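Trainee: I have a structure open and would like a close look at one part of it. Could you walk me through the surroundings of the ligand?

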Amino acid sequence: MYQLVSVLLALSATQHVAGAATPGRGSRANPADWPAAIAKAQSLVDQMSAEEQNNITYGFTVKNGCSGNSGSALRHQFPGLCLTDGPAGIKSDLVTGFAGGVSVAASFNEDLAYERGLYMGMEFKAKGSHVANGPVVGPLGRLALDGRAWEGFGSDPYLAGRLAASNIQGMQQSVITAVKHFIGNEQETQRNPVGFTAATSANIDDVTMHELYLWPFQDAVHAGTGAVMSSYNRLNGTYASANDKAQNKLLKGELAFPGFIVSDWGGQHAGVESATGGLDMAMPDSTGKWANNILADAVKSGELAKERLADMAKRILSAWYHIISDDFPSGGSGLPSDLTAKHTLVNARNQSSKPSTRQSALEGHVLVKNTNNALPLAQPKILSLFGYDATVPKVDYPSNSILSFYGYGLQSYDVTVAQVIPFLLGLPTNQTPPQIASLGNLIGAGGSGATFSSIWIDPWTAIQRQAEEDDTALYWDFSGNSPASIAQNSDACLVFINAFATETVDRAGLYDKKSDDLVQGVAKRCPNTIVVMHNAWIRLVDVWIANPNVTAVIYAHLPGQYSGLALTDILYGRVSPSGRLPYTVAKKSTDYDPQTTFAEGTNIDYRWFQHNGLTPRYAFGYGLTYSTFAYSGLKTQWAQASPALTPPNPQTVIPGGIASLFAEVARVTATVANTGHVEAAEVPQLYVRFPDEAGSAVTHLRGFKKPVIKPGGSAQVEFSLTRRDLSRWNVATQRWELKKGTYEIFVGKDSFDKGALKGTLTLHNKTTFRLCRPGDEAALRVPHLAVVALGRLGKGAPEAGRVGGEVEQVVDVGGGAQVGGDGRGQVGDVGSVGGAGGHGGEPGCGGGGDVLGFGTELLRWWPVVSTGYRAGKAALPLTTSGTRICAAATLRSVAAPAREWKCMFA
Ligand code: BGC
């Protein structure tokens, strides 16, 4: 996308650049082995002059098809890097048209995301691109109208983070990923400055930053991404590409990102300040900012610390050593700058990628309506087909023009060059971009993330093939108009519509009249109307969804080159659909967040709907299969009896942040049974409601699985919850913290599933700790529960406590429990009180915490402590003495989810 802008801007002269053959050097670093790569980079940087270091930090104009070429250091055998778009596969000839990000998101399939990355990475490598500009996790999809949300992996940070990590792990087997755009790039409107007006500023608070927008980048860093691309917008007033807080403090500091930050193309707005602000590489050039030794000179004048310049070079070289293999083709060698000119052909495709690429296309289809099993089709006698989206556009040809519709994925978009220029340049215009690509089928969308594809199997082609096998007669009208007559004898009428989106401009609406008229026109006459939408992002359907003649609806998203084949696999029931919506579909446009200020915090998409009591048409995570599933047997379990609230060993930091954030703290299992008649993949999803949000409807996705289950069969799904998954960001302490209280755990079919299995995970709940009142004993006489522990605390003077099990047993907890004044409890007499735990201080409670522990008597009483607790009745007849006595009773049940009652006696 940037090429157009860059040509208009006239670039600087070249020094030495990417394109030279990669010289031989040490063997390829193990992807898990950053330290070795960093050490090699450090040793190389130590030998480089400031000018050489400066030279590799910015881009040069080279006549090849790389989106950008960094400077080289040939004296040191560093050839410079070729960086190329985009997130749906490398943009060149003889390449695969992979499914778009939104389809990967809809697949909810980490394995497929990995494989797609693996094969995509191989194609970038075959073409000589060291860096792939992707994947995208920013925008995350805050706005329903966002022009680029489709490039990413859905509007939930957990989903996006998991899929991005898998994608990166696959891609980085071959090339460096530049996960983008960091950060807050949640709209296209004014993403860049317009005239004297600065770019839009994403004003994001600390919690929202950590829990929402930074989250998937954290996963990307943890997965080992070698590069991060900064975003065009400003963040809290400062351009993201020079933002010290975001780049130095968050990304490189807190997340310990060891690689380099590259600017978005033309997104560098400052010279030395962007270097001190954390940017390491400027693309596609840096005229007047870093070019021609400006940084080296700044080091000499003392304006820039020499360590910082060395660090920029070291980060670039570290990623190179870390990922790029010795056998790497020379930079840009398979990437002609002009696809129409005669050039050496380099076929990047890999035979073995085909099944996975087709599967990825297939699993991006989401079936949302299927009345009376309208689908799958069973050898129909007559099918009628309608809609502008059914066939390839009339023209799909590269051009050497900077305004190549092919280059920007605009082949099906009915706009003139004059209309497109303001959109591409982000210039003010009165024109509204068309909402649909009315000239043909969509397999990708527009801009730098457009799909380049060597083949394009549209729905029409694939249906023809199938009709030939089945002896089905086909009628069609692809003019895009509501047909005057419909074949009365049609078994079904398929209507193909789309919803387009492109970089540089936000969408004008969430549904369009032309497509809706078409659907309604067909449905008026055809009682079995099946709608297929190739939608780049959210598309509303309320104009016709309730029409009984609309019997089936598929969100087909952006499937890439195997579009038609994937669709017919589903239409004809060769494979059950298994995609899930990676965003929420509202009933009406106004249900979406109208905010432009990020005031909604973390409540975007389904959380916005939950928070505001809005019922979506189709919830995030929703999707049908051709079978039915029953969920049962939810079990929740902490990995340790009493996990510390803050991350243990905070000094042990790995890419992604404190290592213990990624360790499992709890595990949830459930059983999913296929109760229908066909094999199908189901997507059980785990949502968490945090303790301090009790009473609010907001939940957070924290797990998803995708077992393929045969009819009559079942699968046990196991969700591993990490410390970060169950933590919230505490602004005051600046750390992730588990929450005391009861976490509600839901395992179900989507974010609004009323039938979801429910369970809890409880951490000692300080917030419900209160003064006990006379009569509390009675209140605590809870049937079917058993007392676990009691401790009596005093100011440095431990005294005996006593627990009474009124019904079954009286247990002594001898020796008392001593709690230190630092808020971390210690059990005084381990012989009598086995196990321990301390949870913060309670005011007036000896400055210490409460005690959770199992008395030895209790252990005897409950022989199966590790697997569950026997039911019983208990009460707490406490004698009070001393100034204050704190009592902690943990009451647990085998049958009911764990709960706690605590009180403090005065
Ligand atoms: C886009 C980036 C892209 C770059 C290079 C920019 O306009 O925002 O995502 O990688 O161009 O084409």
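Trainee: How far does a polar side-chain atom of Y232 lie from an oxygen atom of the ligand?

Mentor: Happy to help, and please keep in mind that this is a predicted model. For Y232, the distance from a polar side-chain atom to an oxygen atom of the ligand is 2.9 Å. Two other side chains can be described in the same way. R148 places a polar side-chain atom 2.8 Å from a ligand oxygen, and for D264 the corresponding distance is 2.6 Å. As for how well the ligand is covered, on its own it has 310 Å² of accessible area, and the protein covers 100% of that.

Now step back to the whole shell. There are 14 residues around the ligand, and the ones that come nearest are D85, R148, H181, D264 and E503. So R148 and D264, whose polar atoms we just looked at, both belong to that nearest group. By residue class, the shell holds six charged residues, five nonpolar ones and three polar ones.

If you would like to look elsewhere in the model afterwards, try the open sheet of three strands, ordered β17-β20-β25 with antiparallel pairing. Its edges are β17 (629-638) and β25 (714-722); each has a single partner strand, so one side of each is left without a neighbour in the sheet. On average, neighbouring strands there are turned by 20 degrees against each other, direction ignored. Strand β20, residues 664-674, pairs with β25 over nine bridges in the antiparallel sense, and T671 has Q716 in β25 as its bridge partner.

Terms used
Residues are numbered from 1 along each chain as its sequence is written. This is a predicted model: local features need pLDDT of at least 70, side-chain atom pairs count only at pLDDT 80 or more; totals for chains, interfaces and linings use all residues. Side-chain values use heavy atoms; hydrogens and water are left out. A residue is near a molecule or strand if one of its heavy atoms lies within 4 Å of it. A polar contact is a pair of N or O atoms within 3.5 Å; within protein, one must be able to donate a hydrogen and the other to accept it, and residues adjacent in sequence count only if both atoms are side-chain atoms. Accessible areas come from the Shrake-Rupley method with a 1.4 Å probe; for residues, only the protein chains shown count as cover. Ala, Val, Leu, Ile, Met, Phe, Trp, Tyr, Cys and Pro count as nonpolar, Asp, Glu, Lys and Arg as charged, and the others, Gly among them, as polar. Two strands pair if DSSP finds at least two bridges between them. Helices (H or I, at least four residues) and strands (E, at least two) are DSSP runs, numbered from the N terminus. Axes are lines fitted to C-alpha atoms, for helices over the stretch in contact, and angles run from 0 to 180 degrees between N-to-C directions.
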